[in-house]
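Here are a few short exercises to work through with the model open. Try each one yourself before you read the solution.

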Amino acid sequence: MGATKPIKDWTTEEVGQWLVAIGLGEKVEVFHTNAVSGDMLLDLEDDDLKGDLTLTSLQTKKFRKCLEFSKSIDASSQGGDGGDDAATVDELEAEIDKLKADLAAEEEKNTKLEEELKKLKVDEAPPEEAKEPAPAPAPAPPPQQHHRQGRPVVRGAAGGAARGAAMGAVAGAITGDAAQGAKVGAAVGATGGAMRGVGARRARRRGFG
């Protein structure tokens, strides 16, 4: 871009060089995509800058101030009075440095706000729902109690005595003394029943063994 070339005659490449010089080098590609040359540069509105050219509000403000400085330099060089050109350039560079610092501060502020927003989202996350405790297992049924049967020896003796008494009573009736026959029959029957009970118990033990 020539020192005395009017802004309206700038090519898209020269517009890109100007953007780099004022600290908006990251926007060169989008300006080139939209074919922004010098004459279009002078006619851009804020809506164009923030819309199709994706500048932020701070970048738009920076763009406007730098363009005004460039236009003043352009007017001075076209008028033939170059005595104040150096001073104007110094002012432009100072303003550009200030705008760069403002932009960096704004970006840092935005970064801090984003970090705080992330922390708030984490703090506001809903707690996990408490799980209901598993139901307690049903109690085991009580052990069944087995009733022990009477001892086989006693059962055998009692049964044998009853049978013996009946048989003795019959024998006594025949001999003429029923009472004595019942006593003798009961004793004999009890002894026999007890012996059978002992045999049954021994047989059961052998079976369990």
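**Exercise 1.** In this predicted model, find out how the side chains of Asp-46 and Arg-64 meet, and where the two residues sit.

*Solution.* Start with the contact: Asp-46 and Arg-64 form a salt bridge, with 3.0 Å from N to O. That's inside the 4 Å cut-off. Next, place the partners: Asp-46 belongs to helix 4 and Arg-64 to helix 5, 18 residues apart, so the pair links distant parts of the chain. Finally, check exposure: Asp-46 is partly exposed at 35% relative accessible area, and Arg-64 is partly exposed too, at 24%. The whole structure has five salt bridges, by the way.

**Exercise 2.** Work out what separates Glu-68 from Lys-71 along helix 5, then do likewise for Lys-112 and Glu-108 in helix 6.

*Solution.* Take Glu-68 and Lys-71 to begin with: their side chains meet in a salt bridge at 3.6 Å, N to O. They're three residues apart in helix 5, so about one helical turn lies between them. Now go to helix 6 (residues 85-123), where Lys-112 and Glu-108 are four residues apart, again about one helical turn. Their salt bridge has an N to O distance of 3.8 Å.

**Exercise 3.** Track down where Ala-35 and Thr-54 sit, and look up the phi of each.

*Solution.* Ala-35 is in the loop between helix 2 (28-33) and helix 3 (38-43). Its phi is near 55 degrees, positive although the residue isn't glycine. Thr-54 lies in the loop between helix 4 (46-50) and helix 5 (57-79), with a positive phi of about 55 degrees, and it's no glycine either. As for exposure, Ala-35 is partly exposed at 42% and Thr-54 is partly exposed at 40%.

Note on methods: Residues numbered from 1 in each chain as written. Predicted model: local features only at pLDDT ≥ 70, side-chain atom pairs only at ≥ 80, totals over all residues. Heavy atoms only, no water. Buried < 20%, exposed > 50% of the residue type's maximum accessible area, 1.4 Å probe, protein only.
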